[in-house]
Amino acid sequence: LDAGRLGAACVEALTGAGLDPTPAGVLKMRQFSDTLGVRHGVMLVGPTGGGKTVARTCTAQAIGRSQTVEPGDSAVKVKEFTLNPKAISYGELYGQMNPLTQEWRDGVLVVIVKLILEDTSLDPKWIIFDGPVDTLWIESINSVLDDSKLLCLDNGVRMKLNDTIRMIFEVQDLAVASPATVSRCGMVYVDPAEL
């Protein structure tokens with residue numbers, strides 16, 4: 001993305017949301033966008049109410065506004081799929097086998113991934129995990145965060161994610177995240193004191 005156009009689009013997105021486009025806020029949005037360009041897993045780290053969601057949603061709008069669109073082409077639109085992984089069980093997130101019928105039932109994440117993989121557009125697609133990191137569910141994401149981008153399920157199915165998909169984690173801290181997970185993600189710290 002062109003840095004000048006992205007910066008202007010960030011200001012426009014913040015203003016459109018009724019927010020003051022401070023230099024620090026625009027900087028966080030640009031850092032987030034730059035990190036998305038080099039990593040397919042990004043963690044927005046900061047306290048609740050600190051501006052992580054605003055930075056993410058306004059960056060999505062800015063990316064759409066700043067893309068070069070040829071006459072007749074449709075505008076780029078970031079497609080966001082948000083879930084709270086701590087609000088559901090591991091089986092509800094990834095899928096689980098019914099012990100009585102021996103039937104596999106896809107979890108929320110698998111349903112989202114299948115829906116995204118059916119979409120052949122080049123629009124960016126973000127799967128957003130908005131909630132605390134937990135060792136129970138985050139370790140199963142590590143293979144997705146690798147260059148292989150494989151989601152490996154307990155039933156033996158492996159799903160290859162394409163280059164339009166990004167995994168975004170909005171977290172308060174990384175207290176229970178393993179070094180293996182942290183090293184696979186780009187980090188952007190959103191400090192509410194700067195906003």
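This report walks through the strands, salt bridges, cysteines and one loop residue of a predicted model.

## Two enclosed strands

A good place to begin is strand E8, which covers residues 165–171. Seven of its seven residues are buried, so E8 is largely enclosed by the rest of the structure. Both of its faces are covered. On one side sit Ile165, Met167, Phe169 and Val171, and on the other Arg166, Ile168 and Glu170, all of them buried.

Strand E1, made of residues 41–45, tells a similar story. Five of the five residues of E1 are buried, so this strand too is largely enclosed by the rest of the structure. Here Gly41, Met43 and Val45 make up one covered side, while Val42 and Leu44 make up the other.

## How the strands line up

E1 and E8 run parallel and are joined by five bridges. To find this pairing in the model, look for Val42, which stands opposite Ile168 in E8. Another place to look is Val45, which faces Val171 of E8.

Each of these two strands has a further parallel partner. E8 is joined to E5 by six bridges, and in this pairing Ile127 stands opposite Met167. E1, for its part, pairs with strand E9 (residues 186–189) over four bridges, again in the parallel sense. Val45 is useful here once more: its bridge partner in E9 is Tyr189.

## Salt bridges across the chain

Side chains of opposite charge can pair when their charged atoms come close. How many salt bridges does a search of the whole structure find? The search finds eight.

One of them joins Arg56 to Glu80, with the closest N and O atoms 2.6 Å apart. This pair links distant parts of the chain, since Arg56 belongs to helix H3 (residues 52–66) and Glu80 to strand E2 (residues 79–83), 24 residues apart. The two ends sit in different settings: Arg56 is buried, with a relative accessible area of 4%, whereas Glu80 is partly exposed at 32%.

Next door to Glu80 in the numbering is Lys79, which forms a salt bridge with Asp119 at a closest N and O distance of 2.5 Å. Lys79 lies in strand E2 and Asp119 in the loop between helix H5 (108–118) and strand E5 (125–130), so the pair ties together parts that are 40 residues apart in sequence. Lys79 has a relative accessibility of 26% and therefore counts as partly exposed.

A further salt bridge brings together the side chains of Lys149 and Asp163, at 2.5 Å from N to O. Both residues lie in loops: Lys149 between helix H7 (142–145) and strand E6 (150–152), and Asp163 between strand E7 (158–160) and strand E8 (165–171). The pair ties together parts that are 14 residues apart in sequence. Is each partner buried or exposed? Lys149 counts as buried at 9% relative accessibility, while Asp163 counts as exposed at 58%.

Salt bridges that share partners also join Arg56, Glu80 and Glu170 into one network. Glu170 is already familiar as one of the buried residues of E8.

## Cysteines without disulfides

A disulfide is a covalent bond between the sulfur atoms of two cysteines. How many disulfides does the count give for this model? The count comes to zero.

Why is Cys58 not bonded to Cys10? The closest cysteine sulfur to that of Cys58 is the one in Cys10, but at 8.3 Å it is too far for a bond. Cys185 is in no disulfide either, and the nearest cysteine sulfur, that of Cys152, is 16 Å away. Both residues are buried, Cys58 at 2% relative accessibility and Cys185 at 5%.

## A stop at Asn155

Where is Asn155 placed? This residue is in the loop between E6 and E7. At 31% relative accessibility, Asn155 counts as partly exposed.

The side chain of Asn155 reaches the backbone nitrogen of Val157 at 3.2 Å. Asp106 offers another reference point: Asn155 and Asp106 are 49 residues apart in sequence, and their C-alpha atoms are 9.8 Å apart in space.

Definitions and conventions:
Residues numbered from 1 in each chain as written. Predicted model: local features only at pLDDT ≥ 70, side-chain atom pairs only at ≥ 80, totals over all residues. Heavy atoms only, no water. Salt bridge = Lys/Arg side-chain N within 4 Å of Asp/Glu carboxyl O. Buried < 20%, exposed > 50% of the residue type's maximum accessible area, 1.4 Å probe, protein only. Polar contact = N/O pair within 3.5 Å; in protein donor to acceptor, adjacent residues only side chain to side chain. Disulfide = S-S within 2.5 Å. Pairing = 2+ DSSP bridges.
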